Amino acid sequence: MDKGRKYWVGEYPDIKAKFIPILCQQCANAPCEPVCPVYATYHNPEGLNTQIYNRCVGTRYCANNCPYKVRYFNWFDPSWPRPLENQLNPEVTVRSRGVMEKCTFCIQRIRQAKDKAKDEKRKIRDGEIQPACVQACPPDALVFGDLNDPASRVVRLAKSERHYRLLEKLGTEPAVIYLSEVGSDASQSRFHSRDKDKP
Amino acid sequence: MPANQDFIPETKINRDLLRPVIETTGRFYLTVAILGLVVLNGLVAFMYQMATGMGVAGLNRPVFWGLYITNFVFWVGISHAGTLLSAILRITNAQWRRPMTRAAEALTVFALMIAGLFPLVHLGRTWTFYFLIPYPSQRGIWPNFRSPLLWDAIAIFTYYVGSILFLYISMVPDLGLARDRVGGWRKEIYRVLSLGWRGTAREWHRVKRAGTIMAMLIVPVFVSVHTIVSWDFGMTLVPGWHSTIFGPYFVIGAILSGVAAVITLMIILRWALGLKEYLTLTQFDNLGKILGAVSLAWFYFFFAEFLTIWYGQVPEEMAVIRHRTFGQYALAFWVVLFCNFLIPLPALIFKRVRTSIPAMLVLTIVINVGMFLERYLIIVPSLARQRFPAAWGSYFPSWVEISIMAGAFCGFALMYVIFAKIFPIIPIWEVKEGQHIQRST
């Protein structure tokens with residue numbers, strides 16, 4: 001996920017910095033996908049834009065065509081001072097230099113939850129899958145769930161009047177839904193209003 | 001050949017045009033050594049980049065494409081000269097084309113070779129380049145034919161094969177001549193490559209027919225190749241790239257830089273190989289006229305692109321335009337405008353300029369500096385100013401990129417110098433044929 005991006009709202013002296021985390025929007029109609037010459041980025045059956053690291057040759061075309069700029073390139077091999085290599089997640093590989101990286105919605109956690117549910121012969125429960133960012137967010141600002149399940153918490157939240165999606169006019173159909181600030185007039189937020197008519 | 005010029009005896013033509021092939025001076029070895037060193041430096045820089053990572057280039061998010069792609073587009077553009085000058089002038093039966101066709105065709109072939117290297121240098125994992133080739137693999141994975149990069153690869157490969165054939169077909173009679181007149185280790189090369197040329201009427205008929213067919217076939221290919229290169233940009237959602245004008249705009253830009261490159265090269269050949277009697281002022285005068293016309297056409301596209309964006313005032317597009325014209329890249333923008341239009345067009349109006357070798361040398365180099373910067377200006381500022389201001393960035397090439405680029409320029413020169421050493425760079429039979437035609441009229 002992006003470290004978060006800052007936006008300025010209003011004009012001096014009534015100016016405020018706004019902060020919005022931008023992760024891969026997992027577009028249904030993703031501009032990054034068709035441009036890859038080797039199918040390293042593709043749409044998986046669950047609707048994720050997945051990156052196949054060992055298929056990637058590093059043309060960086062997908063990153064250029066991503067309107068959200070949420071694709072990251074490994075310019076160098078990753079390295080850590082000892083003993084920090086021990087903190088690496090054993091469930092995912094460490095990707096080499098020269099390949100594209102992106103938010104996967106912690107695909108390893110999705111896989112584990114699916115496996116577990118399959119073993120127990122049941123469907124995945126709402127809230128069972130928690131990507132790392134969702135797990136780590138103390139005020140519960142991030143919610144993950146199945147948008148196809150009408151009973152899920154994300155669907156209930158997405159029905160809010162406050163909901164919007166980034167750069168919706170581009171027709172990318174992002175899967176990430178934002179809720180605008182409570183109590184603030186939506187049109188006052190430069191970010192929000194820009195989303196509707198301007199970038 | 002110009003009408004006012006005396007006919008050159010055929011024995012003298014043979015001697016003059018085969019001399020660069022037979023005699024090798026110290027100057028040749030010195031040139032090869034210097035060019036070789038720069039190429040070596042570029043190779044070392046490339047290996048360093050592969051071993052360390054793409055991070056040694058000046059690239060960073062959001063400017064994922066930089067000098068390598070600029071070079072790719074630039075060299076593909078340069079390569080368009082060969083077909084334009086050679087094929088179109090052949091089809092229209094312009095007699096003055098005769099002494100310069102081969103120089104232009106060879107330029108196409110070598111410029112394409114250099115252009116083809118850059119996408120590979122640009123890859124994050126160059127060693128996996130074969131993933132891009134549609135070969136039947138056990139995994140059953142094919143490349144993604146929806147990607148403009150693949151269209152590019154196919155278009156350029158087609159153009160490359162076509163332009164090599166085009167160059168080769170018209171070279172066969174000269175190879176036969178060289179086989180009969182040159183001894184030593186070269187004789188074997190000529191013997192194999194001349195395909196048993198005897199110079200019968202039937203063979204002449206076939207060479208000319210094949211040359212005409214190739215000329216006709218290669219013109220549409222040449223238009224499509226640069227259009228497809230422009231689609232690498234036009235097909236994306238990137239503000240400043242997503243435009244339908246890019247196809248014709250890139251083709252015109254390619255012709256401008258290509259014709260300029262042919263003139264630069266002819267001046268160098270004329271000086272280095274003593275070809276004053278063959279590459280005459282007529283050629284420079286006529287090429288200068290073409291160059292002026294193309295410069296005007298280029299400005300038309302340049303202007304149309306900016307005017308439509310500016311008039312529309314779409315904020316995301318305007319961010320790019322402002323960045324290009326008055327922002328960080330303003331200097332490059334104004335240099336481009338001056339180099340490609342404001343300086344060349346008024347100058348090329350005058351015959352005195354068109355027939356002055358030093359003036360043409362300066363002008364054509366100025367145009368290619370301008371065209372290189374124009375490619376840079378299309379690629380970099382658009383990426384640096386995309387929709388989210390928080391993801392804005394900047395780019396300046398690193399020493400690795402500049403070394404590789406210098407290596408590419410010298411690599412091109414090296415291949416050309418060696419080609420001109422092994423093969424007659426002026427088509428001997430075409431020059432003689434031109435004289436015959438002129439004499440009979």
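**Entry 1: the core**

I began with the largest nonpolar core, which has 149 residues. I noted the residues with the most contacts inside this core: B:A103, B:L107, B:V259 and B:V262. Then I looked up where its largest share comes from, and that is α10(B), with 16 residues. A reminder to myself: this is a predicted model.

I picked B:L107 and listed what it is in contact with, leaving aside its neighbours within four places in sequence. The list is B:A81, B:G82, B:A261, B:V262 and B:L265. A thought from general reading: in soluble globular proteins, nonpolar side chains tend to be buried together.

**Entry 2: two helices that cross**

Next I went to helix α4 of chain B, residues 80-91, and checked how it packs with α10(B). The angle is about 80 degrees, and the axes are 8 Å apart. Angles of 65 to 115 degrees count as roughly perpendicular, so α4(B) and α10(B) are roughly perpendicular to each other.

Which residues make the contact between α4(B) and α10(B)? From α4(B) I wrote down B:H80, B:A81, B:L84 and B:L85. From α10(B) come B:A254, B:I255, B:G258, B:V259, B:A261 and B:V262. I sorted the residues of this contact by type and got eight nonpolar, two polar and no charged. I also spotted some familiar names here, since B:V259 and B:V262 were on my list for the core.

**Entry 3: helix α17 of chain B**

I moved on to α17(B), which covers residues 399-422 and has 24 residues. From its first C-alpha to its last, α17(B) reaches 34 Å, close to the 34 Å expected at 1.5 Å a residue.

Which residues of α17(B) are buried? I found B:V400, B:E401, B:S403, B:I404, B:M405, B:G407, B:A408, B:C410, B:G411, B:F412, B:Y416 and B:A420. I put a mark beside B:E401, as a glutamate among the buried residues. For the spacing, I remembered that an α-helix has 3.6 residues a turn, so residues three or four places apart point the same way.

Then I asked what covers the buried residues of α17(B). The cover includes α1 (10-22), α2 (26-52), α3 (67-78), α5 (101-122) and α10 (246-272) of chain B.

**Entry 4: where A meets B**

The contact takes 33 residues from chain A and 34 residues from chain B. On the chain A side, the elements that give two or more residues are β1 (5-9), α1 (32-35), α2 (61-65) and β5 (71-73). α2(A) gives the most, with four residues. By type, the residues on this side divide into 20 nonpolar, five polar and eight charged.

**Entry 5: chain A as a whole**

I counted six helices and eight strands in chain A. From the N terminus on, the elements run β-β-α-β-β-α-β-β-α-α-α-β-β-α. Buried residues make up 27% of the 199 residues in chain A. I looked at contacts in chain A between residues at least 6 apart in sequence, and 46% of them join residues at least 24 apart.

For a closer look I chose A:I110, whose place is in helix α3 (residues 107-119) of chain A. Is A:I110 buried or exposed? It is partly exposed, because 18 other C-beta atoms lie within 10 Å, and buried needs 20 or more. Not counting residues up to four places away in sequence, A:I110 touches A:F105 and A:I129. A:I110 and A:I124 are 14 residues apart in sequence and 9.6 Å apart in space, C-alpha to C-alpha.

**Entry 6: odd backbone spots**

Before hunting for these I reminded myself that most residues other than glycine have a negative phi, and most peptide bonds are trans.

The peptide bond from A:Y12 to A:P13 is cis, with omega near 5 degrees. A:P13 is found in the loop between β1 and β2 (16-20) of chain A. I noted a cis bond in chain B too, from B:R61 to B:P62, with omega near 0 degrees. B:P62 lies in the loop between α2 and α3 of chain B.

For phi, I noted A:C106, which has a positive value near 50 degrees. A:C106 sits in the loop between β6 (100-102) and α3 of chain A, and it counts as buried because it has 20 C-beta neighbours inside 10 Å. A:K121 also has a positive phi, near 50 degrees. Its place is in the loop between α3 and α4 (132-136) of chain A. With 6 other C-beta atoms within 10 Å, A:K121 is exposed.

Terms used. Residues numbered from 1 in each chain as written. Chains lettered and ligands numbered in written order. Predicted model: local features only at pLDDT ≥ 70, side-chain atom pairs only at ≥ 80, totals over all residues. Contact = placed C-beta atoms within 7 Å. Nonpolar A, V, L, I, M, F, W, Y, C, P; charged D, E, K, R; others polar. Expected span 1.5 Å × (residues − 1). Buried ≥ 20, exposed ≤ 12 C-beta atoms within 10 Å, placed from the backbone. Axes fitted to C-alpha atoms, helices over the stretch in contact; angles between N-to-C directions. Parallel < 35°, antiparallel > 145°, perpendicular 65-115°, else oblique. Core = buried A, V, L, I, M, F, W, Y, C linked by C-beta atoms within 7 Å.
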